[in-house]
Amino acid sequence: MKENKIWHNTPTNDWNEATPLGNGKLGMMVFGGTAEERIQLNEESFWSGWECDEYDSPETAKHLDEMRQLIFEGKYTEAQALCNRYMVCRGQGHHDSRAAYGSYQTAGDLYITFPENTPDVPPDYRRSLILNEGRAEVTHGNMKRDYFVSYGYNTAVIRVQNCPAGTTLRYARENTTVIYDPHEIIAVGYLPTKFTVLIHHEQKDGDLYVYITAATAYKTDRDPKAVCRETLDCAIEAGYDALLQETKEYFASMLDRVEIAFPQSGSKADIPTDQRIANPEGDIGLVELYFNFGRYLLVGSSRGRLPANLQGIWCKDYYAPWSADFHININLQMNYWFAEVCNLPELVEPFFEFIKILVEPGSRTARVAYNCPGWVAHVCTTPWGYTSLGCHPVYGAFAAAGAWCLRHVKERWLYSGDKAILQEFYPIIKGASEFFCAYLVRDPRNGHLVTAPASSPENCFISPNDGSVVSICAGPTMDTSIIRELLEFNIEAANTLGIDGDFVKTLEETAAQLRPFRIGKHGQIMEWSEDFDEPEPGHRHISHLYGLYPAAQIRQSTPELFDAARKTIERRLAHGGGHTGWSRAWIINFFARLADGNAAYENIVALLKNSTLPNMFDNHPPFQIDGNFGGTAGIAEMLLQSHDDCIDLLPALPDAWSDGEFKNFKARGGFTVSAKWQGGRVVDCHIAGKDGQPFRARINGDVIEASGQYIYQA
């Protein structure tokens, strides 16, 4: 049976146990109470804050040479002190969540109170989420409640069958004006942009129907109240049945595009999901469910104007952890790792549009903070286009974050082969390259072009001079890996489009002077330009393996680096690494690239057991959705890879998945791939590309060459 249902046998008062629903723009969390139902609401643009151009400090550019000189002299402690003062934003930056930087916020809570019920949990109680229908339900006794969020009508819908007489509705949100009419609740407030939440409710034939929508004035001149009114009028006119059918068809059309299945003896689908999460060992069906849930979450949080944030679209707070913002030193990128291989390319579109938002403020940051052309963005950002340095250089000096975002444009190009994406983004790609061509400086100690001052995201090393803990250096491996990939992508884009020949020469000359990977004293890939010791060898970030995954600079064709990458991961894990959800998810993908299926699977089990909340949300802690998405990507990466000029079937198959199948995965080059295996060997596969399109594929260890359509049967 397909694992497409998450269910619990109790209601909850804990947000981390509630059931998430969303359409990419609206979200709601269902608590499933018996005496009173709580529905926590979200809308993607419920952001406090505003556009602000006061965070970039010209003092950074004034002191660059001084900071660089100290680094090149090996005076890291002195360089750190200077960078702490000047290699930062002006003011509070992303810590300013109650002012310009802002925070993603809840859209409030709707409470439905049932006077004839008690808080006691009936023995037949069940709260379920049916993934491929985009629908949740609560059942007990003769009561049934259905919940869904329509994409086509941008409306959240609740139906309470056999609704008790005297049932009441109440909406709550801080600093909000709420008006109750006989069939409506109208809530209006300011974030500071104006917002409206509109709730329509009516009883018909003993059932209660509730229709909810919300809107803000974010980047629009339209009054959100008028938008909400127009939206609900359309939804109510269409009617409940039409909205439900549209939602079922929409989610099925997205989630049924690809499929994985593991034959299960003694399926555990009849056990509540939270109990399965607590004991994931040997529960192969739970892996299938996790994979399906990850795709469901991206459908539910990335189909509007903004990409999925640190919490997707679901947030209960007014000032969320890390503002529930867009961290672009891995977290936002991880949200989209599986989108192409799982044939959900339209879900990346909000991310692409968000990159465009960063370019104008990023150009100001490049000019003011660095006196450089082009554009740059650092670790933390918002819908208001924050691109400035952070409040501390240990994370905030990471200038390659915006360039990392562009690798998703590269992935779209590799999967689709559509020149339109290159034409659309070429000026943005070039702008990022122009920044680094200007910012890179020659390290007199080795002759390589490096970023300086720079940091390896959120990690520190021990200064060899005085034993102090510092983070500022020259040319960390992650910077070099991202910049090399950016420049090479720019060259490919320019050559494909037949433009910018002179600039291509500059890019080639620059790329040739970047520092290559180096192996350190522990046999590991070196994280910094020198083989420093680190105070936290189990650090959650493993930035120096960017070249292994998501990039493909470290491959089986580079065996020494391949072996060093493994030693890097093993060293991290031996010192307690992988202790956050997203970090564990990254490790799954690393082991998949290393073709170690058993190690990858062990880390899937660890992700489920140690970093997954009762409702299957990822736990950083607290909740952060990137681990869900990274874990989903890792499962796909274990079954199909196509980064190495070869379509590789079952490259990291664990012993636990000896039998199974996947359908309609996408491979780079625009291929559609399906496969079935038994005893760990492919017995049936189908690879479909364009007519006459050549490809190489590795099946059961043998490489075949074919074109167009290829069918293999053992």
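Okay, so let's start with a word we'll need: a residue is buried when its relative accessible area is under 20%, exposed when over 50%, and partly exposed in between. And keep in mind that this is a predicted model.

Now take Glu133. Its relative accessibility is 23%, so Glu133 counts as partly exposed. Its salt-bridge partner is Arg135, with the closest N and O atoms 2.9 Å apart. Arg135 comes out at 10%, so that one is buried. These two also belong to a network of salt bridges, together with Glu137, Lys144, Asp146 and Arg159.

How many salt bridges does the structure hold? There are 42. One of them joins Lys2 and Glu259, at 3.5 Å between the closest N and O atoms. That pair links distant parts of the chain, 257 residues apart: Lys2 sits in the segment before strand 1, and Glu259 in strand 15. Lys2 is partly exposed at 41%, while Glu259, at 19%, is buried.

Another one is Asp596 with Arg566, at 2.9 Å from N to O. Asp596 is in the loop between helix 17 and helix 18, and Arg566 is in helix 16, so this bridge ties together parts 30 residues apart in sequence.

Okay, on to the holes. We get 10 cavities of 30 Å³ or more, and the largest has a volume of about 220 Å³. Its lining has 20 residues, and among those closest to the centre are Trp337, Glu411 and Arg668. Which helix gives the largest share of that lining? Helix 12 does, with four residues. By type, the lining splits into 10 nonpolar, three polar and seven charged residues.

How values were computed:
Residues are numbered from 1 along each chain as its sequence is written. This is a predicted model: local features need pLDDT of at least 70, side-chain atom pairs count only at pLDDT 80 or more; totals for chains, interfaces and linings use all residues. Side-chain values use heavy atoms; hydrogens and water are left out. On a 1 Å grid over the protein atoms alone, a cavity is a set of points where a 1.4 Å probe fits but cannot get out, and a pocket is an open set with protein on both sides within 12 Å along at least five of seven lines; lining residues have an atom within 4 Å of a point. Grid points are joined across faces, edges and corners, and a volume is the space filled by probe spheres set on the points. Helices (H or I, at least four residues) and strands (E, at least two) are DSSP runs, numbered from the N terminus. Ala, Val, Leu, Ile, Met, Phe, Trp, Tyr, Cys and Pro count as nonpolar, Asp, Glu, Lys and Arg as charged, and the others, Gly among them, as polar. A salt bridge is a side-chain nitrogen of Lys or Arg within 4 Å of a carboxyl oxygen of Asp or Glu. Buried means under 20% relative accessible area, exposed over 50%, partly exposed in between (1.4 Å probe, protein chains only).
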